Amino acid sequence: MTGNDHYFTAQPASPDERRTRTVPLAGRDVQVETAGGVFSPDHLDLGTQVLLRSVPAPPTEGELLDLGCGWGPVALTLAALAPAARVWALDVNERALDLTRRNAARLGADRLVTAAPDDVPADVRFAAIWSNPPIRVGKEALHELLLRWLPRLVPDGEAHLVVAKHLGADSLQRWLAQELGTEVDRVATDKGFRVLRVLGR
């Protein structure tokens with residue numbers, strides 16, 4: 001990526017050169033479209049791999065959320081595992097949303113909705129949230145992001161977040177429990193990553 005062109009930029013300045021990759025999602029190898037200017041464009045990143053192999057199966061219906069979808073691996077997995085649910089794929093990066101939309105069409109995930117954060121109706125509540133959150137946006141922006149979406153879990157819902165240990169997973173776990181007033185567990189540790197579970201209230 002060039003200059004200040006981060007994966008959390010709304011309109012990446014890097015060339016929009018599309019390429020096809022074969023990646024393992026939901027137990028099968030699928031072809032997806034990726035491009036520069038989004039998170040981990042060349043492969044399924046290690047943190048997302050840890051998340052996807054550590055989480056329990058999602059609810060089979062209701063509203064499910066991938067917070068920070070990138071080119072779509074988490075949202076596409078949710079859609080494959082819960083085809084009757086509606087999956088929201090959120091990102092501020094317009095290129096990421098376009099890639100996820102195209103990959104959903106390619107894989108027949110017709111109940112997957114891509115959206116910028118402000119486009120999600122205020123009354124939508126989520127049965128599950130899966131996220132490899134954008135830690136590198138900085139602590140203040142990350143906290144604001146998590147406090148915006150995690151309280152939108154239904155009372156028996158669960159969020160699962162994957163965070164690198166060296167990027168503050170343990171302190172984030174403590175902060176979430178304090179701020180949300182709910183149970184936050186570490187459910188997996190693998191390859192230097194923690195998977196945190198946040199319970200809806």
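In which hand does helix 4 pass helix 5, right-handed or left-handed? In this predicted model, the crossing turns out to be right-handed. Helix 4 covers residues 139-149 and helix 5 covers residues 169-180, and their axes come within 12 Å, crossing at roughly 45 degrees. An angle of 65 to 115 degrees would count as roughly perpendicular and one under 35 degrees as roughly parallel; the two helices fit neither label and are therefore oblique to each other. On the helix 4 side, the contact is made by Leu-142, His-143, Leu-146 and Leu-147. Helix 5 answers with Leu-172, Trp-175, Leu-176, Glu-179 and Leu-180. Sorted by character, the residues of this contact come out as seven nonpolar, one polar and one charged.

Now for the sheet. Seven strands make up an open sheet in the order 5-4-3-6-7-9-8, and their pairing is mixed. The edges belong to strand 5 (112-115) and strand 8 (184-190); each has a single partner strand, so one side of each is left without a neighbour in the sheet. Going from one strand to its neighbour, the turn is 15 degrees on average, with direction ignored.

Two helices lie across parts of this sheet. Helix 4, already met above, lies across strand 3 (63-67), strand 4, strand 6 (126-131) and strand 7 (153-164). Its direction is at about 175 degrees to strand 3. Helix 3 (residues 94-107) lies across strand 4 (86-90) and strand 5, and runs at about 165 degrees to strand 5.

At the other edge, strand 8 runs antiparallel to strand 9 (residues 193-199), and six bridges join the pair. Two of the partnerships can be picked out by name: Val-184 is bridged to Val-198 of strand 9, while Arg-186 has Leu-196 as its partner there. As a general point, side chains in a regular strand alternate between the two faces of the sheet. Strand 8 and strand 9 form a hairpin with two residues between the strands, and here Lys-191 takes a positive phi near 55 degrees.

How far can the picture be trusted? The pLDDT averages 93 over the protein, and 94% of the residues score at least 70. Residues 1-5 are another story: their pLDDT is below 50, and the stretch has 10 contacts in the model beyond near neighbours in sequence. Where pLDDT is low, the predicted coordinates should not be read in detail.

Methods: Residues are numbered from 1 along each chain as its sequence is written. This is a predicted model: local features need pLDDT of at least 70, side-chain atom pairs count only at pLDDT 80 or more; totals for chains, interfaces and linings use all residues. Side-chain values use heavy atoms; hydrogens and water are left out. Two strands pair if DSSP finds at least two bridges between them. Helices (H or I, at least four residues) and strands (E, at least two) are DSSP runs, numbered from the N terminus. Axes are lines fitted to C-alpha atoms, for helices over the stretch in contact, and angles run from 0 to 180 degrees between N-to-C directions. Contact means heavy atoms within 4.5 Å. pLDDT is the predictor's confidence in each residue, from 0 to 100. Angles under 35 degrees count as roughly parallel, over 145 as roughly antiparallel, 65 to 115 as roughly perpendicular and the rest as oblique. A crossing is left-handed if the near helix is turned anticlockwise from the far one by less than a right angle, and right-handed if clockwise. Ala, Val, Leu, Ile, Met, Phe, Trp, Tyr, Cys and Pro count as nonpolar, Asp, Glu, Lys and Arg as charged, and the others, Gly among them, as polar.
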